[in-house]
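Have the sequence at your elbow and the viewer open, and let us walk through this protein together. We will go from the inside outwards to a few backbone details.

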Amino acid sequence: MSRVYNFSAGPSCLPEEVLQACAAEMLDYAGTGQSVMEMSHRSSAYKPIIEHAEAQVRKLMKVPDNYKVLFLQGGGSTQFAMVAQNLGIHTGKAAYIETGVWAKKAAAEAKHLGLTVDTIASSADKGYSYIPRVEKISGDYDYAYICFNNTIMGTHYEYIPDTGSIPLVADISSCVLSEELDVSRFGLLFAGAQKNLAPAGVTLVIIREDLITDTPRAGTPTMLTYKTHADQGSMYNTPPCYTIYVLGKVLDWIEKNGGAAGMYRRNMEKAQLLYDYLDASSFYHATAQKGSRSLMNVPFLTKYSTGAQDEASLAREKEINDKFVKEATAAGLVNLKGHRLVGGMRASIYNAMTLDGVKALIAFMEKFAKENA
(Lines give C-alpha, C1' and ligand atoms only; values in the text may rest on other atoms or scores of the structure.)
Protein backbone atom coordinates (compact mmCIF):
# COMPACT_ATOMS: atom_id res chain seq x y z
CA MET A 1 0.00 0.00 0.00
CA SER A 2 1.27 3.48 -0.84
CA ARG A 3 1.72 6.15 1.84
CA VAL A 4 -1.37 8.19 2.72
CA TYR A 5 -1.58 11.89 3.47
CA ASN A 6 -1.98 11.96 7.25
CA PHE A 7 -3.78 15.05 8.59
CA SER A 8 -3.89 13.81 12.19
CA ALA A 9 -3.71 16.41 14.97
CA GLY A 10 -1.26 14.14 16.77
CA PRO A 11 0.57 11.87 16.68
CA SER A 12 1.16 13.33 13.27
CA CYS A 13 3.07 12.56 10.11
CA LEU A 14 6.87 12.57 10.16
CA PRO A 15 9.21 13.46 7.28
CA GLU A 16 9.59 10.40 5.06
CA GLU A 17 13.36 10.72 4.84
CA VAL A 18 13.53 10.63 8.65
CA LEU A 19 11.45 7.46 8.74
CA GLN A 20 13.68 5.91 6.08
CA ALA A 21 16.84 6.85 8.00
CA CYS A 22 15.43 5.37 11.20
CA ALA A 23 14.45 2.19 9.36
CA ALA A 24 17.95 1.85 7.89
CA GLU A 25 19.46 2.03 11.38
CA MET A 26 16.84 -0.07 13.15
CA LEU A 27 19.00 -3.16 13.61
CA ASP A 28 22.42 -1.55 13.66
CA TYR A 29 22.98 2.04 14.74
CA ALA A 30 26.37 3.46 13.73
CA GLY A 31 28.08 0.07 13.70
CA THR A 32 27.12 -0.78 17.28
CA GLY A 33 25.26 -3.93 16.23
CA GLN A 34 22.18 -2.84 18.14
CA SER A 35 19.12 -0.66 17.78
CA VAL A 36 18.85 2.62 19.67
CA MET A 37 15.78 0.99 21.22
CA GLU A 38 18.07 -1.48 22.97
CA MET A 39 20.82 0.85 24.18
CA SER A 40 21.56 1.76 27.75
CA HIS A 41 20.83 5.44 28.17
CA ARG A 42 24.12 5.73 30.06
CA SER A 43 26.20 4.04 27.39
CA SER A 44 28.93 5.73 25.37
CA ALA A 45 26.89 4.96 22.25
CA TYR A 46 23.79 6.82 23.44
CA LYS A 47 25.43 9.87 24.97
CA PRO A 48 26.17 11.56 21.61
CA ILE A 49 22.53 11.04 20.54
CA ILE A 50 20.99 13.06 23.37
CA GLU A 51 23.78 15.63 23.22
CA HIS A 52 23.12 16.11 19.50
CA ALA A 53 19.40 16.54 20.09
CA GLU A 54 20.01 19.24 22.69
CA ALA A 55 22.59 21.00 20.51
CA GLN A 56 20.11 21.09 17.61
CA VAL A 57 17.32 22.47 19.81
CA ARG A 58 19.66 25.22 20.99
CA LYS A 59 20.84 26.05 17.47
CA LEU A 60 17.47 25.98 15.69
CA MET A 61 15.56 27.80 18.43
CA LYS A 62 18.47 30.14 19.29
CA VAL A 63 18.18 29.22 22.95
CA PRO A 64 20.12 31.66 25.18
CA ASP A 65 22.88 30.24 27.37
CA ASN A 66 20.95 30.94 30.58
CA TYR A 67 18.23 28.43 29.66
CA LYS A 68 18.18 24.69 30.26
CA VAL A 69 16.91 22.28 27.61
CA LEU A 70 15.20 19.25 29.13
CA PHE A 71 13.77 16.05 27.62
CA LEU A 72 11.00 14.85 29.93
CA GLN A 73 8.14 12.35 29.95
CA GLY A 74 4.45 12.68 30.72
CA GLY A 75 3.38 14.76 27.73
CA GLY A 76 2.25 18.36 27.75
CA SER A 77 -0.47 17.57 30.29
CA THR A 78 2.10 16.76 32.98
CA GLN A 79 3.57 20.20 32.40
CA PHE A 80 0.29 21.71 33.58
CA ALA A 81 1.22 20.47 37.05
CA MET A 82 5.00 20.94 36.86
CA VAL A 83 4.64 24.60 35.89
CA ALA A 84 2.32 25.29 38.81
CA GLN A 85 4.36 23.30 41.34
CA ASN A 86 7.73 24.78 40.38
CA LEU A 87 6.84 28.36 39.47
CA GLY A 88 3.88 29.11 41.75
CA ILE A 89 6.01 29.48 44.87
CA HIS A 90 6.06 33.16 45.83
CA THR A 91 2.60 34.71 45.78
CA GLY A 92 0.84 31.51 44.77
CA LYS A 93 -0.99 33.46 42.06
CA ALA A 94 -0.93 32.92 38.31
CA ALA A 95 -2.56 34.59 35.29
CA TYR A 96 -4.01 32.44 32.51
CA ILE A 97 -5.42 33.44 29.12
CA GLU A 98 -8.09 30.92 28.23
CA THR A 99 -8.13 30.16 24.50
CA GLY A 100 -9.48 26.64 24.45
CA VAL A 101 -9.40 23.20 25.99
CA TRP A 102 -5.69 22.98 26.78
CA ALA A 103 -5.33 26.39 28.40
CA LYS A 104 -8.50 25.71 30.38
CA LYS A 105 -7.16 22.34 31.58
CA ALA A 106 -3.84 23.89 32.52
CA ALA A 107 -5.61 26.53 34.61
CA ALA A 108 -7.79 23.90 36.27
CA GLU A 109 -4.71 21.88 37.21
CA ALA A 110 -3.01 24.91 38.77
CA LYS A 111 -6.17 25.63 40.75
CA HIS A 112 -6.37 21.98 41.82
CA LEU A 113 -2.83 22.28 43.20
CA GLY A 114 -3.82 25.25 45.36
CA LEU A 115 -2.82 28.26 43.28
CA THR A 116 -4.99 31.31 42.94
CA VAL A 117 -5.74 31.39 39.23
CA ASP A 118 -6.90 34.56 37.50
CA THR A 119 -8.36 34.04 34.04
CA ILE A 120 -7.42 37.49 32.76
CA ALA A 121 -8.93 36.99 29.29
CA SER A 122 -10.98 34.38 27.47
CA SER A 123 -12.36 33.75 24.01
CA ALA A 124 -15.07 31.42 25.28
CA ASP A 125 -17.70 33.99 24.29
CA LYS A 126 -17.20 33.05 20.63
CA GLY A 127 -16.40 29.38 20.98
CA TYR A 128 -12.65 30.02 21.27
CA SER A 129 -12.55 31.05 17.63
CA TYR A 130 -10.10 33.89 18.24
CA ILE A 131 -7.14 34.92 20.41
CA PRO A 132 -7.92 37.73 22.88
CA ARG A 133 -5.64 40.74 22.53
CA VAL A 134 -3.82 41.20 25.82
CA GLU A 135 -0.87 43.44 25.08
CA LYS A 136 0.38 43.75 28.66
CA ILE A 137 0.07 41.63 31.78
CA SER A 138 0.86 43.10 35.19
CA GLY A 139 0.28 42.17 38.82
CA ASP A 140 1.87 40.11 41.58
CA TYR A 141 1.72 36.88 39.61
CA ASP A 142 4.33 34.15 39.87
CA TYR A 143 3.83 33.54 36.15
CA ALA A 144 1.50 34.14 33.21
CA TYR A 145 0.39 31.27 31.01
CA ILE A 146 -0.72 30.97 27.38
CA CYS A 147 -1.28 28.15 24.89
CA PHE A 148 0.43 29.54 21.79
CA ASN A 149 -1.37 27.36 19.25
CA ASN A 150 -4.72 25.69 19.86
CA THR A 151 -5.07 22.41 17.98
CA ILE A 152 -8.79 21.91 18.57
CA MET A 153 -9.98 25.39 17.67
CA GLY A 154 -7.29 26.15 15.09
CA THR A 155 -6.17 29.46 16.62
CA HIS A 156 -2.70 30.91 17.12
CA TYR A 157 -1.08 33.91 18.82
CA GLU A 158 0.18 36.46 16.33
CA TYR A 159 1.77 38.46 19.14
CA ILE A 160 3.58 37.82 22.43
CA PRO A 161 2.09 39.53 25.50
CA ASP A 162 4.39 41.90 27.36
CA THR A 163 4.65 40.52 30.90
CA GLY A 164 7.48 42.66 32.20
CA SER A 165 9.17 40.83 35.07
CA ILE A 166 6.45 38.16 35.23
CA PRO A 167 7.74 34.90 33.68
CA LEU A 168 5.69 34.01 30.63
CA VAL A 169 4.95 30.30 30.16
CA ALA A 170 3.79 28.97 26.79
CA ASP A 171 2.56 25.61 25.60
CA ILE A 172 4.01 25.40 22.07
CA SER A 173 3.28 21.70 21.54
CA SER A 174 1.51 22.12 18.22
CA CYS A 175 3.63 24.90 16.72
CA VAL A 176 7.19 24.34 17.94
CA LEU A 177 9.69 25.15 15.17
CA SER A 178 6.90 25.96 12.72
CA GLU A 179 8.11 29.56 12.88
CA GLU A 180 10.82 31.61 14.54
CA LEU A 181 10.18 32.39 18.20
CA ASP A 182 12.18 34.62 20.54
CA VAL A 183 12.88 32.28 23.45
CA SER A 184 14.15 35.16 25.58
CA ARG A 185 10.58 36.55 25.77
CA PHE A 186 9.55 33.49 27.80
CA GLY A 187 10.42 32.06 31.18
CA LEU A 188 9.44 28.55 30.14
CA LEU A 189 8.37 26.84 26.93
CA PHE A 190 7.20 23.26 26.60
CA ALA A 191 6.16 21.04 23.73
CA GLY A 192 4.87 17.51 23.51
CA ALA A 193 6.87 16.10 20.60
CA GLN A 194 4.18 14.19 18.72
CA LYS A 195 3.07 16.97 16.40
CA ASN A 196 6.19 18.62 14.99
CA LEU A 197 9.23 16.98 16.57
CA ALA A 198 9.04 13.22 17.00
CA PRO A 199 6.78 10.30 17.91
CA ALA A 200 4.88 10.56 21.18
CA GLY A 201 6.93 9.94 24.30
CA VAL A 202 9.18 12.94 24.93
CA THR A 203 8.32 16.46 26.03
CA LEU A 204 10.71 19.30 25.29
CA VAL A 205 11.07 21.88 28.08
CA ILE A 206 13.11 25.06 27.76
CA ILE A 207 13.36 26.86 31.09
CA ARG A 208 15.26 29.93 32.25
CA GLU A 209 17.78 28.90 34.89
CA ASP A 210 16.60 31.36 37.55
CA LEU A 211 13.21 29.64 37.53
CA ILE A 212 14.70 26.27 38.48
CA THR A 213 14.18 25.96 42.21
CA ASP A 214 15.12 23.34 44.78
CA THR A 215 12.12 24.41 46.89
CA PRO A 216 8.99 23.82 44.80
CA ARG A 217 5.54 23.78 46.37
CA ALA A 218 5.16 21.44 49.31
CA GLY A 219 4.51 17.85 48.34
CA THR A 220 5.95 18.11 44.82
CA PRO A 221 7.26 14.68 43.79
CA THR A 222 10.94 14.39 42.93
CA MET A 223 10.10 13.47 39.35
CA LEU A 224 7.98 16.62 38.95
CA THR A 225 10.75 18.99 40.03
CA TYR A 226 12.62 20.70 37.17
CA LYS A 227 15.84 20.80 39.21
CA THR A 228 15.84 17.02 39.38
CA HIS A 229 16.14 16.77 35.62
CA ALA A 230 18.22 19.90 35.03
CA ASP A 231 20.91 18.70 37.45
CA GLN A 232 21.08 15.29 35.78
CA GLY A 233 20.99 16.36 32.12
CA SER A 234 17.57 14.73 31.60
CA MET A 235 19.10 11.46 32.84
CA TYR A 236 17.70 11.21 36.37
CA ASN A 237 15.83 8.13 35.21
CA THR A 238 15.67 6.37 31.85
CA PRO A 239 14.56 8.98 29.30
CA PRO A 240 12.50 8.11 26.17
CA CYS A 241 15.70 7.17 24.35
CA TYR A 242 14.37 6.22 20.93
CA THR A 243 12.02 9.19 20.71
CA ILE A 244 14.91 11.55 21.48
CA TYR A 245 16.92 9.84 18.73
CA VAL A 246 14.10 10.43 16.21
CA LEU A 247 13.74 14.00 17.47
CA GLY A 248 17.39 14.62 16.63
CA LYS A 249 16.84 13.40 13.10
CA VAL A 250 13.73 15.56 12.65
CA LEU A 251 15.74 18.57 13.83
CA ASP A 252 18.42 17.73 11.26
CA TRP A 253 15.68 17.65 8.60
CA ILE A 254 14.38 21.03 9.76
CA GLU A 255 17.88 22.50 9.58
CA LYS A 256 18.38 21.04 6.09
CA ASN A 257 15.14 22.74 4.99
CA GLY A 258 15.98 26.21 6.22
CA GLY A 259 15.43 25.98 9.96
CA ALA A 260 12.49 27.70 11.65
CA ALA A 261 12.39 30.40 8.97
CA GLY A 262 12.27 27.76 6.25
CA MET A 263 9.48 25.92 8.04
CA TYR A 264 7.53 29.17 8.33
CA ARG A 265 7.75 29.83 4.58
CA ARG A 266 6.70 26.26 3.88
CA ASN A 267 3.82 26.42 6.36
CA MET A 268 2.59 29.80 5.15
CA GLU A 269 2.38 28.52 1.60
CA LYS A 270 0.36 25.46 2.64
CA ALA A 271 -1.95 27.32 5.01
CA GLN A 272 -2.58 30.24 2.68
CA LEU A 273 -3.57 27.86 -0.11
CA LEU A 274 -6.06 26.08 2.14
CA TYR A 275 -7.50 29.20 3.78
CA ASP A 276 -7.87 30.95 0.43
CA TYR A 277 -9.85 27.98 -0.85
CA LEU A 278 -12.06 27.90 2.24
CA ASP A 279 -12.71 31.65 2.18
CA ALA A 280 -13.72 31.52 -1.49
CA SER A 281 -15.93 28.45 -1.09
CA SER A 282 -19.71 28.51 -0.81
CA PHE A 283 -19.69 24.95 0.55
CA TYR A 284 -17.03 25.13 3.29
CA HIS A 285 -15.87 27.72 5.77
CA ALA A 286 -13.01 27.95 8.27
CA THR A 287 -14.04 28.26 11.92
CA ALA A 288 -11.13 30.37 13.23
CA GLN A 289 -11.34 34.12 12.80
CA LYS A 290 -8.88 35.96 10.59
CA GLY A 291 -6.05 37.41 12.63
CA SER A 292 -5.99 34.35 14.91
CA ARG A 293 -5.69 31.50 12.44
CA SER A 294 -3.30 28.64 13.01
CA LEU A 295 -0.84 27.58 10.32
CA MET A 296 -0.85 24.09 11.83
CA ASN A 297 -4.50 23.16 12.45
CA VAL A 298 -7.34 24.16 10.13
CA PRO A 299 -10.85 23.18 11.31
CA PHE A 300 -13.60 23.69 8.75
CA LEU A 301 -17.32 23.09 8.39
CA THR A 302 -19.66 22.49 5.48
CA LYS A 303 -22.70 24.57 4.63
CA TYR A 304 -24.76 21.93 6.44
CA SER A 305 -23.16 22.95 9.76
CA THR A 306 -25.73 25.64 10.49
CA GLY A 307 -25.60 25.46 14.27
CA ALA A 308 -29.26 24.52 14.40
CA GLN A 309 -29.98 22.00 17.14
CA ASP A 310 -33.14 20.39 15.76
CA GLU A 311 -32.92 16.67 15.14
CA ALA A 312 -33.14 16.87 11.35
CA SER A 313 -30.34 19.48 11.07
CA LEU A 314 -28.03 17.56 13.37
CA ALA A 315 -28.66 14.32 11.51
CA ARG A 316 -27.93 15.95 8.13
CA GLU A 317 -24.74 17.55 9.44
CA LYS A 318 -23.51 14.26 10.89
CA GLU A 319 -24.36 12.44 7.67
CA ILE A 320 -22.38 14.83 5.45
CA ASN A 321 -19.40 14.94 7.82
CA ASP A 322 -19.25 11.16 8.10
CA LYS A 323 -19.48 10.87 4.33
CA PHE A 324 -16.66 13.37 3.85
CA VAL A 325 -14.33 11.56 6.26
CA LYS A 326 -15.14 8.13 4.81
CA GLU A 327 -14.61 9.18 1.20
CA ALA A 328 -11.48 11.15 2.05
CA THR A 329 -10.03 8.12 3.78
CA ALA A 330 -10.74 6.00 0.71
CA ALA A 331 -8.91 8.63 -1.34
CA GLY A 332 -5.80 8.36 0.88
CA LEU A 333 -6.52 11.48 2.98
CA VAL A 334 -6.75 10.22 6.56
CA ASN A 335 -7.56 11.54 10.05
CA LEU A 336 -9.68 14.49 8.91
CA LYS A 337 -12.50 14.06 11.42
CA GLY A 338 -12.97 17.25 13.43
CA HIS A 339 -12.84 17.41 17.21
CA ARG A 340 -16.22 16.89 18.84
CA LEU A 341 -16.17 20.42 20.31
CA VAL A 342 -15.99 21.99 16.85
CA GLY A 343 -17.45 19.31 14.62
CA GLY A 344 -16.90 19.12 10.91
CA MET A 345 -13.38 18.41 9.74
CA ARG A 346 -9.86 19.41 10.74
CA ALA A 347 -6.74 19.34 8.60
CA SER A 348 -3.55 19.41 10.65
CA ILE A 349 -0.76 20.49 8.33
CA TYR A 350 2.34 20.35 10.50
CA ASN A 351 5.89 20.85 9.25
CA ALA A 352 6.14 17.38 7.70
CA MET A 353 2.92 17.72 5.67
CA THR A 354 3.83 18.44 2.07
CA LEU A 355 2.39 21.03 -0.27
CA ASP A 356 1.27 18.16 -2.49
CA GLY A 357 -0.74 16.80 0.43
CA VAL A 358 -2.60 20.09 0.84
CA LYS A 359 -3.22 20.30 -2.90
CA ALA A 360 -4.61 16.76 -2.87
CA LEU A 361 -6.92 17.69 0.00
CA ILE A 362 -8.23 20.76 -1.81
CA ALA A 363 -8.82 18.75 -4.99
CA PHE A 364 -10.84 16.22 -2.98
CA MET A 365 -12.79 18.99 -1.21
CA GLU A 366 -13.70 20.55 -4.55
CA LYS A 367 -14.88 17.23 -5.93
CA PHE A 368 -16.87 16.47 -2.78
CA ALA A 369 -18.52 19.88 -2.81
CA LYS A 370 -19.68 19.48 -6.41
CA GLU A 371 -21.10 16.04 -5.71
CA ASN A 372 -22.92 17.08 -2.53
CA ALA A 373 -24.03 20.66 -3.16
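What follows is a short tour of the nonpolar cores, a pair of helices, two threonines and some backbone details. Please keep in mind that this is a predicted model.

Let us begin with the interior. The largest nonpolar core has 96 residues, and the members that touch the most others are V57, M61, F71, I172, I206, Y284 and F324. Which helix gives the most to this core? That is α6, which supplies ten residues. To see how one of the well-connected members sits, pick V57: once neighbours within four places in sequence are left aside, V57 is in contact with K62, V63, V69, F71, L204, I206, L247 and L251. Two of those partners, F71 and I206, are named among the core members that touch the most others. There is also a second core, separate from this one, with 25 residues, including M82, Y145, L211 and I212.

Now stay with helix α6 for a moment, which spans residues 241-256 and holds T243. Is T243 buried or exposed? Its relative accessible area is 10%, and the cut-off for buried is under 20%, so T243 counts as buried. Setting aside residues up to four places away in sequence, T243 touches A198, P199, A200, G201 and V202.

Next, turn to a pair of helices. Two packed helices are described by the angle between their axes and the distance between the axes. For α3 (residues 75-87) and α4 (residues 101-112), the angle is about 45° and the axes are 9 Å apart. Because of that angle, α3 is oblique to α4. The crossing of α3 past α4 is right-handed. If you would like to show the side chains at this contact, select S77, F80, A81 and A84 on α3, together with W102, K105, A106, E109 and A110 on α4. By character, the residues of this contact comprise six nonpolar, one polar and two charged.

A threonine in a loop comes next. T354 lies between β14 (345-348) and α9 (355-372). With a relative accessibility of 32%, T354 is classed as partly exposed. Apart from residues up to four places away in sequence, T354 touches Y5, R266 and K270. You can also use T354 as one end of a distance: T302 is 52 residues from T354 in sequence, and their C-alpha atoms are 24 Å apart in space.

Finally, let us look at the backbone. Most residues other than glycine have a negative phi, and most peptide bonds are trans. Against that background, three places deserve a look. Where is P11? P11 is in the loop between β1 (5-6) and α1 (16-24), and the peptide bond from G10 to P11 is cis, with omega near -5°.

The other two places concern phi. L177, in the loop between β8 (168-171) and β9 (188-192), has a positive phi near 60° although L177 is not a glycine. L177 is buried, at 4% relative accessible area. S234 sits in the loop between α5 (226-231) and α6. Phi of S234 is likewise positive, near 65°, in a residue other than glycine, and with 3% relative accessibility S234 counts as buried.

Definitions and conventions. Residues numbered from 1 in each chain as written. Predicted model: local features only at pLDDT ≥ 70, side-chain atom pairs only at ≥ 80, totals over all residues. Heavy atoms only, no water. Helix = DSSP H or I, 4+ residues; strand = E, 2+ residues; numbered from the N terminus. Buried < 20%, exposed > 50% of the residue type's maximum accessible area, 1.4 Å probe, protein only. Contact = heavy atoms within 4.5 Å. Core = buried A, V, L, I, M, F, W, Y, C linked by side-chain atoms within 4.5 Å. Axes fitted to C-alpha atoms, helices over the stretch in contact; angles between N-to-C directions. Parallel < 35°, antiparallel > 145°, perpendicular 65-115°, else oblique. Left-handed = near helix turned anticlockwise from the far one by under 90°. Nonpolar A, V, L, I, M, F, W, Y, C, P; charged D, E, K, R; others polar.
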